[in-house]
Amino acid sequence: MLERLPGFRDFYPEDCARRDFIFRVWAEAARAHGFRRYDIPTLEPLELFTEKSGPEIVSQLFNFTDKGGREVALRPELTPSLARMVGARVATLRKPVKWFNIAENFRYEKPQEGRLRSHYQLNCDIFGEPGPAADAELIAVCLACLRGFGAGPEDCALRLSDRTLWTLLLEAMGIEGAGAMEVLGIVDKFERTPREETLKRLRPHFGEACEDFLGQVEALMALREFGEMAAFMRSLAPNADIRKKIETRIGLWRELLDALDAMELSPFVRIDLGIVRGLAYYSGFVFEVFKLAPDGKGYAGRALAGGGRYDHLVGKLGFPETEAVGFGMGDVTMAQFLEEKKKLPPIVDAPDVFIVAAGDAERRAALGLATRLRADGIRTEYALRAPGFGKQFRLAGQSGARLAVVVGGDELAAGNARLKDLASGGEAVVPLATVPAAAREALAEGIGSA
RNA sequence: GUGGUAAUAGCUCAGUUGGUUAGAGCACUGGUUUGUGGUACCAGGGGUCGCCGGUUCAAGUCCGGUUUACCACCCCA
């Protein structure tokens with residue numbers, strides 16, 4: 001028995017229908033917000049990814065040497081390719097650039113629930129706008145992608161944080177550069193790490209002050225109100241320079257929260273500095289969307305979506321410095337979420353019309369009828385191997401078709417076909433030539449039972 | 001990459017201290033039914049019990065290995 005590669009999925013028609021439903025909701029939300037779709041190659045030079053993430057990334061990539069001796073890799077993410085596309089034309093692209101894509105990404109990692117070696121991801125990005133209006137717009141499209149499924153504030157929440165604020169906090173405590181990145185890494189894992197262990201990890205950076213710092217971190221993470229947060233930040237400023245930066249930052253927060261409130265998104269948004277996000281390149285507001293636990297308070301499972309501002313990445317990849325915000329949302333966690341929250345509609349995969357015909361002449365007429373119905377956009381089926389009438393009606397019923405078109409000897413002799421509403425049982429006889437129009441009408445309004 | 005648990009029909013699962021030809025429900029196919037359907041009734045197909053090896057008179061059942069899946073780490077999208 002030939003098996004699938006580990007971490008990959010087969011999509012049977014019902015799986016495909018579900019996947020397409022998710023993609024459709026995403027794409028509609030993105031387009032409604034003025035995002036245009038782009039696409040990138042599946043296979044890229046290995047270097048594109050090592051440049052952004054360092055050589056360690058190779059252990060998590062599907063990479064190989066192609067027949068031309070090139071080192072290549074299946075894309076693990078879209079951002080570097082996207083940065084290349086935007087960077088190459090940044091001078092002539094009209095700003096803001098708002099682009100989205102839904103694409104398959106690959107990572108060579110140990111598969112787990114919600115984390116396979118291949119998954120589809122929606123990515124939305126905005127380039128060329130430094131102000132919080134872009135962050136608000138991005139958060140709006142992200143939440144629209146969830147609201148499109150009927151998910152509300154009772155189902156999920158967006159935890160909003162700020163990398164710049166963290167950097168300022170660390171700066172106020174005299175920690176900058178590489179040390180700051182390391183501390184942020186520790187903070188990122190704070191929720192999942194025992195307090196003792198966190199203290200131990202902080203000690204090299206703060207020495208005896210690490211207990212103080214941890215106290216500050218805990219206080220900051222517990223903040224949920226804008227006013228409280230602003231007051232807390234102001235209380236930290238050790239000098240005029242940092243105080244000024246903090247005031248600027250607070251102003252940007254106010255702008256962002258106000259825009260989100262005007263967009264009626266406040267019920268989803270929770271200030272939560274506990275979100276740091278592991279990736280090094282985030283530079284401003286960052287956020288993650290989580291499924292709410294049944295109690296409606298805590299969070300459950302993996303993030304449904306995550307993103308934020310990365311103003312320096314495009315520049316770092318060797319292209320002109322370009323402001324950017326973006327987020328990603330995966331199909332695996334999304335499908336799981338929708339399943340749990342009962343937001344997936346029943347899959348309708350039935351034809352509109354099933355043609356019932358017996359006998360050679362009737363069958364020829366049925367094939368012609370099928371062609372005309374199909375040309376009219378009516379999903380039409382018939383039995384490829386025609387059994388008796390009873391059996392064909394059974395097939396019609398099983399197919400889920402709403403309408404049967406009966407082409408029997410009697411009808412054909414009179415130049416007619418019989419339409420039967422399979423739900424009500426009502427029937428109508430119409431001339432063969434008018435079947436597509438009559439079928440369309442019957443599909444819309446049904447045929448009453450006599 | 002490191003640990004833990006599991007693997008029996010397309011799906012969900014049963015299978016006693018090791019003991020005849022491995023079962024059920026759902027699904028699928030055919031029939032009852034050559035002019036009226038999804039129900040019903042009858043019948044049928046489908047399994048190297050994940051794979052390899054070992055113990056035994058005898059292995060789905062016990063032992064070792066391996067693969068895969070799931071769970072927890074590591075890491076991350």
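Two strands pair if DSSP finds at least two bridges between them. Keep that in mind for the first stop, along with how elements get their names: helices (H or I, at least four residues) and strands (E, at least two) are DSSP runs, numbered from the N terminus.

You are looking at a predicted model, where local features need pLDDT of at least 70 and side-chain atom pairs count only at pLDDT 80 or more, while totals for chains, interfaces and linings use all residues. Residues are numbered from 1 along each chain as its sequence is written, and chains are lettered from A and ligands numbered from 1 in the order in which they are written.

**Stop 1: a sheet of three strands**

Select S2, S3 and S4. These 3 strands make an open, antiparallel sheet in the order S2-S4-S3. Strand S2 (43-45) and strand S3 (63-65) are the edges; each has a single partner strand, so one side of each has no neighbour in the sheet. From one strand to the next, the twist averages 35° (axes are lines fitted to C-alpha atoms, for helices over the stretch in contact, and angles run from 0 to 180 degrees between N-to-C directions). Now zoom in on S2 and strand S4 (residues 71-74), which run antiparallel and are joined by 3 bridges. Pro-45 sits opposite Val-72 in S4.

**Stop 2: a sheet of eight strands**

Next, colour the open sheet of 8 strands, ordered S1-S5-S6-S11-S10-S9-S7-S8 with mixed pairing. Its edges are strand S1 (36-37) and strand S8 (269-271), each with a single partner strand, so one side of each is left without a neighbour in the sheet. S1 pairs with strand S5 (residues 97-106) in the parallel sense, over 2 bridges. Click on Arg-37 and look for its bridge partner in S5, Phe-100.

Then bring in helix H12 (residues 331-340). H12 packs on the sheet and touches strand S6 (118-127), strand S9 (285-292), strand S10 (299-309) and strand S11 (324-330). The direction of H12 makes about 60° with that of S11.

Stay with S5 for a moment. S5 and S6 pair in the antiparallel sense over 10 bridges, and Ala-103 stands opposite Gln-121 in S6. In S5, 7 of the 10 residues are buried, so this strand is largely enclosed by the rest of the structure (buried: 20 or more other C-beta atoms within 10 Å of a residue's own; exposed: 12 or fewer; partly exposed: in between; C-beta atoms are placed from the backbone).

**Stop 3: the cores**

A nonpolar core is a set of buried Ala, Val, Leu, Ile, Met, Phe, Trp, Tyr and Cys residues joined through C-beta atoms within 7 Å. The largest one here has 73 residues, and those with the most contacts inside it are Cys-124, Leu-138, Ile-139, Cys-142, Cys-145 and Leu-158. Helix H4 (residues 132-147) gives the largest share of this core, 9 residues.

Which residues is Cys-142 in contact with, leaving aside its neighbours within four places in sequence? Select Cys-124, Val-289, Ala-305, Gly-307 and Phe-327 to see them (contact means C-beta atoms, placed from the backbone, within 7 Å). Apart from the largest core lies another, of 22 residues, including Leu-369, Leu-373, Leu-403 and Ala-404.

**Stop 4: around the RNA**

Now show RNA strand B. Of the 37 residues around it, Glu-113, Phe-393, Gly-397, Gly-408 and Leu-422 come nearest (near means a C-beta atom, placed from the backbone, within 6 Å of the molecule or strand). S11, helix H14 (389-399), helix H15 (409-413) and strand S15 (416-421) each supply at least two residues of the surface near RNA strand B. The largest share of that surface, 7 residues, comes from H14.

**Stop 5: some backbone oddities**

Most residues other than glycine have a negative phi, and most peptide bonds are trans. The bond from Lys-95 to Pro-96 is cis, with omega near -5°; find Pro-96 in the loop between helix H3 (79-89) and S5.

Glu-264 is not a glycine, yet its phi is positive, near 65°. Glu-264 lies in the loop between helix H10 (240-262) and S8 and, with 10 C-beta neighbours inside 10 Å, counts as exposed. Lys-342 has a positive phi too, about 55°, and is found in the loop between H12 and strand S12 (353-357). With 7 C-beta neighbours inside 10 Å, Lys-342 counts as exposed.

Conventions. Two residues are in contact if their C-beta atoms, placed from the backbone, lie within 7 Å.
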